[in-house]
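Reader: I'm new to this one, and I'd like to know what lies behind the labels people put on it. Can we go through some of them together?

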Amino acid sequence: SGKLLTQNFDDPRLGRVFSTMQERINHLNEFVQGYGKFAKLPQPKLEAIDWQSLLNSIKQEWNFSIEGDIPDNDCYADRVQLEQLLINLLKNAFESGSETEQIKVKIEAKSNGTLLSVSDAGKGMSEAVMANALVPFYSTKASGSGLGLALCREIAEAHHGQLSLHNRGVGHTGLVVQVFIP
């Protein structure tokens, strides 16, 4: 409806905003339909991932920095699922209290796959929270569902990969979530 109402405006940004919203709605609808239909994550539909395109798409909704160079190695994954994974991790990073410029995404080509890292400068996690953070419905947030990180782990595992959580090293506060996709 909003898109139709703004057709007579001469602002190309509005068109991009509504196109992005429609694309996300379509992707989320496809994702939720598949998830609900099978009561588990749908099998990934593997395709070659164009990292620049994927990150540009997410940057339309979330403000973050890209750390390092984007690799051009072949990574075959489900784009919709990867997009949802990164959105969930970025949402958590923003909810950590980090300043926007402290939220970073890094993609590294490894000899046996690709390593995605999302880091923030929040307070990190205690050992107890870290031990339970990937358990479905566990949340430290008053309004949290406890499904975001569990879903991210499930997406990583559906790609035969893994997800790990790490407090940032000495001299840094915050968390780094790493996802390895072979």
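Author: Sure. Keep in mind that this is a predicted model. Let's start with a pair of helices: the crossing of α3 and α4 is right-handed.

Reader: What makes α3 and α4 oblique to each other?

Author: Helix α3 (residues 51–59) and helix α4 (residues 79–95) pack at an angle of about 50 degrees, with their axes 11 Å apart. Roughly parallel would call for an angle under 35 degrees, and roughly perpendicular for 65 to 115. An angle of about 50 degrees fits neither of those ranges, so α3 and α4 count as oblique.

Reader: Which residues of α3 and α4 meet there?

Author: From α3 you have W51, S53, L54, L55, S57 and I58, and from α4 you have R79, L82, E83, L86, I87 and L90. Sorted by class, that contact has eight nonpolar, two polar and two charged residues.

Reader: How do α4 and α6 cross?

Author: Their axes come within 9 Å and cross at roughly 145 degrees, and the crossing is left-handed. On the α4 side, Q81, Q84, L85, N88, L89 and N92 make the contact, while α6 brings G148, L149, L151, C152, I155 and A156. By class, this contact of α4 with α6 has seven nonpolar, five polar and no charged residues.

Reader: Which residues of α6 are buried?

Author: In α6 (residues 148–158), L149, A150, L151, C152, I155 and A156 are buried. Take C152: its relative accessible area is 0%, and buried means under 20%, so C152 is buried.

Reader: How do you know that C75 is in no disulfide?

Author: A disulfide needs two cysteine sulfur atoms within 2.5 Å. For C75, the nearest cysteine sulfur is that of C152, 15 Å away. Looking from the other end, the closest cysteine sulfur to that of C152 is in C75, and 15 Å is too far for a bond. By this rule the count comes to zero disulfides.

Reader: And is C75 buried or exposed?

Author: C75 is buried: its relative accessible area is 3%, set against a cut-off of under 20%.

Reader: What is unusual about the phi of H160?

Author: H160 has a positive phi of about 60 degrees although it is not a glycine. Most residues other than glycine have a negative phi. You'll find H160 just after α6, in the loop between α6 and β6 (162–167).

Reader: Why does H160 count as exposed?

Author: Exposed means over 50% relative accessible area. H160 has 70% relative accessibility, so it counts as exposed.

Reader: Why does K45 count as exposed, and why is K104 called partly exposed?

Author: At 58% relative accessibility, K45 is over the 50% cut-off, so K45 counts as exposed. K104 has 28%, which sits between 20% and 50%, so K104 counts as partly exposed.

Reader: Where do K45 and K104 lie, and what do they touch?

Author: K45 lies in the loop between α2 (12–38) and β1 (47–48). Leaving out residues up to four places away in sequence, K45 touches E30, A77 and D78. K104 lies in strand β4 (residues 104–110). With that same limit on sequence neighbours, K104 touches S65, E67, S117, V118 and S119. As for distances, the C-alpha atoms of K104 and N63 are separated by 9.3 Å, with their positions 41 residues apart along the chain.

Note on methods:
Residues are numbered from 1 along each chain as its sequence is written. This is a predicted model: local features need pLDDT of at least 70, side-chain atom pairs count only at pLDDT 80 or more; totals for chains, interfaces and linings use all residues. Side-chain values use heavy atoms; hydrogens and water are left out. Buried means under 20% relative accessible area, exposed over 50%, partly exposed in between (1.4 Å probe, protein chains only). Axes are lines fitted to C-alpha atoms, for helices over the stretch in contact, and angles run from 0 to 180 degrees between N-to-C directions. Helices (H or I, at least four residues) and strands (E, at least two) are DSSP runs, numbered from the N terminus. Angles under 35 degrees count as roughly parallel, over 145 as roughly antiparallel, 65 to 115 as roughly perpendicular and the rest as oblique. A crossing is left-handed if the near helix is turned anticlockwise from the far one by less than a right angle, and right-handed if clockwise. Contact means heavy atoms within 4.5 Å. Ala, Val, Leu, Ile, Met, Phe, Trp, Tyr, Cys and Pro count as nonpolar, Asp, Glu, Lys and Arg as charged, and the others, Gly among them, as polar.
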